[in-house]
Amino acid sequence: MKQLLLYCRSGFEKDCAAEIQDKAAQHEVFGYCKLSNHSAYVIFEAYDGEALVHFFRTFALSQLVFARQWVLLLEPLLELQPHDRVSTVLDTTASHDVQGCGQLRVEYPETNDGKTLSTLARKLTVPLRLALRNQGTLTAKERDDKPVLHLFLLSGSEAMLGLSYPKNNSPLENGIMRLKSPKDAPSRSTLKLEEAFLTFIPASERPQRLAPGLNAVDLGASPGGWTYQLVRRSMMVTAIDNGPMDPALMESGQVKHLQVDGFKFQPAKQNVYWLVCDMIEKPDRVAVLICDWFSNGWCQESIFNLKLPMKKRYEMVEQVLEQIHTRLHEAGVRYQLQAKHLYHDREEVTVHIQRKS
Ligand SMILES: C[S@@+](CC[C@H](N)C(=O)[O-])C[C@H]1O[C@@H](n2cnc3c(N)ncnc32)[C@H](O)[C@@H]1O
């Protein structure tokens, strides 16, 4: 038996579990999930350990929507002696013959209880890292091309221990992108689009794909949190919403506000690079709209939210993504798509589509 630990947003454990079980089964890895509601993590236990390790190494984490991070467990339950937690971990890494990891992350579930462990996690990191370096479990210097060793604290006396692999894990502590809301942003939702840009667009490509002067359309723009992100990157934005736009944003001179229906708006010229959409609408209706924009050649890239107030969120996301794939395929559009439940998302997931030539 081998187990995967997956981190997710609290309250989304069932969606995370349904997704990993489904995706693993599609790769002939069968198993079941152990979860408790609002724990912010899920354990997937596979019947065939070798098949699970292969799946973990070959399936891309970026293809999972609801998991922020995943870890192949060495020990599903480590009893930590409160007076000497370091020794317990060293005994375990020695018994599993773990060597040459490039980083240590001491983490915890993103819940109110879990967050009380952040101080312990910080305090434990330095002595544990030193001891693991002396043991050879960690490389002498931090390296990002080697496996990451994760100690996932459940309490002061219990933890899980496991590994994730470089380029197929989240590079972020707890799998979370922490961003500071800019003081002059019109709404906190601004962070959703910022996180989406940082998640979906590699740093090396941002100068071209988020370049000054590009034209953007923001559907459902009021009061302007998403428009703010486009304006601060010196783009020209058409903001569509019956609601008001932030006056300071309008003063930038980069925003044209049209009080029309986002489902009826059509761009006058074929010069729009970005289409972003945060309208509160049924996910399948948004999907049809976005597909129309790509089929008509009206945009090159899009970031949009699928709002998910329903119970079976994973099933809804799968159904809508399938609908998008079918429609774009029929229209002969070449593209790349990624969907993710971002840290700043709540009852919604964010989708990115890039047209390919
Ligand atoms: C979640 S808010 C958008 C927040 C915005 N992204 C921000 O960061 O400030 C959703 C917006 O969609 C707008 N909306 C909903 N249906 C629309 C439609 N059919 N056409 C245009 N706007 C619409 C609403 O008026 C509302 O302002």
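In this predicted model, Gly 262 meets the ligand through its backbone: a polar backbone atom of Gly 262 sits 2.7 Å from a nitrogen atom of the ligand. Two other backbone contacts go to ligand oxygen atoms, one from Ser 222 and one from Trp 226. Here they are side by side:

| Residue | Protein side | Ligand atom | Distance |
|---|---|---|---|
| Gly 262 | polar backbone atom | nitrogen | 2.7 Å |
| Trp 226 | backbone N or O atom | oxygen | 3.1 Å |
| Ser 222 | polar backbone atom | oxygen | 3.3 Å |

On its own the ligand has 610 Å² of accessible area, and the protein covers 77% of that. The shell around the ligand counts 17 residues, and the closest of them are Gly 225, Asp 241, Asp 261, Gly 262 and Asp 278. By class, the shell splits into seven nonpolar, seven polar and three charged residues.

Ser 222 has something else going on. The peptide bond that joins Ser 222 to Pro 223 is cis, with omega at about 0 degrees. Pro 223 itself belongs to the loop that runs between strand S8 (215-219) and helix H8 (225-232).

Now for the empty space. Where does the largest pocket lie? Domain 1 (3-175) and domain 2 (190-355) both contribute residues to its lining, so the largest pocket lies between the two domains. The space in this pocket comes to about 980 Å³. Its lining takes in 42 residues, and the closest to the centre are Ser 62, Asn 169, Pro 171, Thr 199 and Gln 338. As for secondary structure, the elements that give two or more residues to this lining are strands S5 (103-107), S13 (335-340) and S14 (348-355), along with helices H6 (190-200) and H7 (206-209). The chemistry of the lining is mixed, with 18 nonpolar, 12 polar and 12 charged residues.

What about closed-off space? The structure has one cavity of 30 Å³ or more. The volume of the largest cavity is about 40 Å³. Its walls are made by Tyr 7, Cys 8, Ala 40, Arg 68, Tyr 108, Pro 109, Glu 110, Phe 152, Asn 174 and Ile 176. Sorted by class, that lining has seven nonpolar residues, one polar and two charged.

A couple of local details are worth a look while you have the structure open. Ser 118 is part of helix H5 (residues 118-135). Its side chain reaches the backbone oxygen of Lys 115 at 3.0 Å. Ser 118 and Leu 153 are 35 residues apart along the chain, and their C-alpha atoms are 9.2 Å from each other.

Then there's Glu 28, which isn't a glycine but still has a positive phi, near 65 degrees. You'll find Glu 28 in the loop between helix H1 (13-26) and strand S2 (31-35).

Key:
Residues are numbered from 1 along each chain as its sequence is written. This is a predicted model: local features need pLDDT of at least 70, side-chain atom pairs count only at pLDDT 80 or more; totals for chains, interfaces and linings use all residues. Side-chain values use heavy atoms; hydrogens and water are left out. On a 1 Å grid over the protein atoms alone, a cavity is a set of points where a 1.4 Å probe fits but cannot get out, and a pocket is an open set with protein on both sides within 12 Å along at least five of seven lines; lining residues have an atom within 4 Å of a point. Grid points are joined across faces, edges and corners, and a volume is the space filled by probe spheres set on the points. Helices (H or I, at least four residues) and strands (E, at least two) are DSSP runs, numbered from the N terminus. Ala, Val, Leu, Ile, Met, Phe, Trp, Tyr, Cys and Pro count as nonpolar, Asp, Glu, Lys and Arg as charged, and the others, Gly among them, as polar. Domain bounds come from an automatic or database domain assignment. A residue is near a molecule or strand if one of its heavy atoms lies within 4 Å of it. A polar contact is a pair of N or O atoms within 3.5 Å; within protein, one must be able to donate a hydrogen and the other to accept it, and residues adjacent in sequence count only if both atoms are side-chain atoms. Accessible areas come from the Shrake-Rupley method with a 1.4 Å probe; for residues, only the protein chains shown count as cover.
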